[in-house]
Amino acid sequence: MKMTPLILTLPVLALAACQQQPAGETAVAGNAAMPGGDAMMMAGNNASVMMPNASVAAPTDAAGYVAQAGAADLFEIESSKIALEKSQNKAVRDFAQMMIDQHQKSTADIKAAAQKAGVTVQPPALMANQQQILEEIKTADAGNFDSVYVRNQRMAHNAALALHQGYARNGDTPALKETASAVAKVVQEHIDHLASLTTA
């Protein structure tokens, strides 16, 4: 794909790309290279699935990592609660329940490691773009709900993998780096599961 110039030069189109392109695989990734705040959290939900091995600018400070990991987990949990309410697909519902259980666990594990390292942990909160995507999932009609949910799960998990792997490599707190590495393995299992999940 000849998308590299786009993802480097058009980060301002990231949100529009998320809304307009079902696979979320284009300009949205541009924010992955932007440090801090909303830009990083855009990467946290929409990192490129076409560049799984690319170097993504994940936070290296403990507070930044904990905040973004908490937001990512919260998005997974809240979107999956909606799936339990709206999906009629058993495979999707089973996956959603697993997301709630396992992302609650990863939130607890990261919080425990952070507190052990003396890092203050704030309650997780969704970023603006995550809230917008959550609204998209909430308002999806019954006919395409499963595909909307699964599509956003794939984007979120690819970005979460980059977040956890990045901190595991370059983070500033050893206990959190170890936890990030463990969480990354679980996220990869979710990605593998999503690859075989059908929404028909």
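Colour the protein chain by secondary structure first: this predicted model holds 8 helices and 0 strands, and from the N terminus on its elements read α-α-α-α-α-α-α-α. With the whole chain still selected, switch to a surface representation, whose accessible area comes to about 9,500 Å², with 56% of that belonging to carbon and sulfur atoms. Of the 200 residues in the chain, 47% are buried, and among contacts between residues at least 6 apart in sequence, 71% join residues at least 24 apart.

Next, select residues 128–139, which form helix α6, together with residues 145–170, which form helix α7. Their axes come within 8 Å and cross at roughly 155 degrees, and because angles over 145 degrees count as roughly antiparallel, α6 is roughly antiparallel to α7. The crossing in which α6 passes α7 is left-handed. Showing side chains here brings up I133, E136 and I137 on the α6 side, which meet F145, V148, R151 and N152 of α7; sorted by class, this contact has 4 nonpolar, 1 polar and 2 charged residues.

Keep α7 selected and add residues 174–195, which make up helix α8. The two helices pack at an angle of about 155 degrees with their axes 8 Å apart, which makes α7 roughly antiparallel to α8, and α7 passes α8 in a left-handed crossing. To follow the contact along α7, step through residues including V150, H157, L161, H164 and A168, and on the α8 side through residues including L176, A180, V187, I191 and L194, all of them part of the set where the two helices meet. By class, the contact of α7 with α8 has 12 nonpolar, 8 polar and 3 charged residues.

Now hide α7, leave α8 on display, and bring in residues 90–116, the stretch that forms helix α5. What angle do the axes of α5 and α8 make where they cross? They cross at roughly 170 degrees and come within 9 Å, and α5 and α8 are therefore roughly antiparallel to each other. Among the α5 residues in this contact are F95, M98, M99, H103, D109 and I110, while the α8 residues they help to meet include A175, T179, V183, V186 and H193. The class count for the contact of α5 with α8 is 11 nonpolar, 6 polar and 1 charged residues.

As a last selection, pick L176, V183, H190 and L194 in α8, which take part in the contact with α7 and also in the contact with α5.

Key. Residues are numbered from 1 along each chain as its sequence is written. This is a predicted model: local features need pLDDT of at least 70, side-chain atom pairs count only at pLDDT 80 or more; totals for chains, interfaces and linings use all residues. Side-chain values use heavy atoms; hydrogens and water are left out. Helices (H or I, at least four residues) and strands (E, at least two) are DSSP runs, numbered from the N terminus. Buried means under 20% relative accessible area, exposed over 50%, partly exposed in between (1.4 Å probe, protein chains only). Contact means heavy atoms within 4.5 Å. Accessible areas come from the Shrake-Rupley method with a 1.4 Å probe; for residues, only the protein chains shown count as cover. Axes are lines fitted to C-alpha atoms, for helices over the stretch in contact, and angles run from 0 to 180 degrees between N-to-C directions. Angles under 35 degrees count as roughly parallel, over 145 as roughly antiparallel, 65 to 115 as roughly perpendicular and the rest as oblique. A crossing is left-handed if the near helix is turned anticlockwise from the far one by less than a right angle, and right-handed if clockwise. Ala, Val, Leu, Ile, Met, Phe, Trp, Tyr, Cys and Pro count as nonpolar, Asp, Glu, Lys and Arg as charged, and the others, Gly among them, as polar.
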